[in-house]
Amino acid sequence: MGSSSGRAPVCVRAGGPIPVVASFESIRGLPIVLLGFTQPNDNAHAPNEWMDLNNYETGIRAIARTWD
């Protein structure tokens, strides 16, 4: 299976803790996968946060492929 961006996916273990994920996993008994589509310079959660529309569109396609 190819990727939505035409490049191989990269698994990066980064980001802040999201405590509810452990609850979801224990309640549902299923593994949880979090997908991120922003670049480090997007300033996520900062007052000047932004996201390139190409990343947004590629993210939508990637989620659809993941569900497929």
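Let's start with S23, which counts as partly exposed because its relative accessibility is 35%. For that scale, buried means under 20% relative accessible area, exposed means over 50%, and partly exposed is in between, with a 1.4 Å probe and protein chains only. S23 sits in helix α1. Helices here are DSSP runs of H or I with at least four residues, strands are runs of E with at least two, and the numbering goes from the N terminus.

Before going on, a word on what you're looking at. This is a predicted model, where local features need pLDDT of at least 70 and side-chain atom pairs count only at pLDDT 80 or more, while totals for chains, interfaces and linings use all residues. Residues are numbered from 1 along each chain as its sequence is written, and side-chain values use heavy atoms, with hydrogens and water left out.

Back to S23. Take its C-alpha atom and that of D52: they're 29 residues apart along the chain and 31 Å apart in space.

Staying around α1, have a look at I18, in the segment before that helix, which runs 20–28. I18 is partly exposed, because its relative accessibility is 47%. Which residues join I18 in a nonpolar patch on the surface? They're V20, F24, I32 and L34, and the five-residue set, I18 included, has about 440 Å² of accessible area together. A patch takes residues with over 30% relative accessible area and no salt bridge, joining like charges within 9 Å and nonpolar side chains (Val, Leu, Ile, Met, Phe, Trp, Tyr) within 5 Å. A salt bridge, in turn, is a side-chain nitrogen of Lys or Arg within 4 Å of a carboxyl oxygen of Asp or Glu. The areas come from the Shrake-Rupley method with a 1.4 Å probe, and for residues only the protein chains shown count as cover.

Now the loop between α1 and α2. P31 is in there, and P31 counts as exposed because its relative accessibility is 65%. From P31 to V12 is 17 Å, C-alpha to C-alpha, with their positions 19 residues apart in sequence.

Further along that loop we meet D42. Buried or exposed, what is D42? Buried, because its relative accessible area is 1%. The D42 side chain also reaches the backbone nitrogen of Q39 at 2.9 Å. That's a polar contact, meaning a pair of N or O atoms within 3.5 Å; within protein, one must be able to donate a hydrogen and the other to accept it, and residues adjacent in sequence count only if both atoms are side-chain atoms.

Then there's N43, also in the loop between α1 and α2. Its phi is near 55 degrees, a positive value in a residue other than glycine. N43 is partly exposed, because its relative accessibility is 30%. H45 lies in the loop between those helices too, and has a phi near 70 degrees, again positive without being glycine. H45 is exposed, because its relative accessible area is 78%.

On to α2, residues 53–67. Why does its span make sense? At 1.5 Å a residue, its 15 residues should span 21 Å, and the end C-alpha atoms are 21 Å apart, so the two agree. The expected span is 1.5 Å times one less than the number of residues.

Which residues of α2 are buried? N55, G59 and A62. Seen down the axis, they fall within an arc of 65 degrees, so they line one face of the helix. That arc is taken from the directions from the helix axis to the C-beta atoms. Turned away from the buried side is a face with the exposed residues L53, N54 and W67.

At the start of α2, a side-chain oxygen of D52 comes to within 2.7 Å of the backbone nitrogen of N54. Elsewhere in α2 is T66, whose side chain reaches the backbone oxygen of A62 at 2.8 Å. T66 and L35 are 31 residues apart along the chain, with 9.7 Å between their C-alpha atoms.

Last stop: D68, in the segment after α2. D68 is exposed, because its relative accessible area is 78%. D68 and R7 are 61 residues apart in sequence and 18 Å apart in space, C-alpha to C-alpha.
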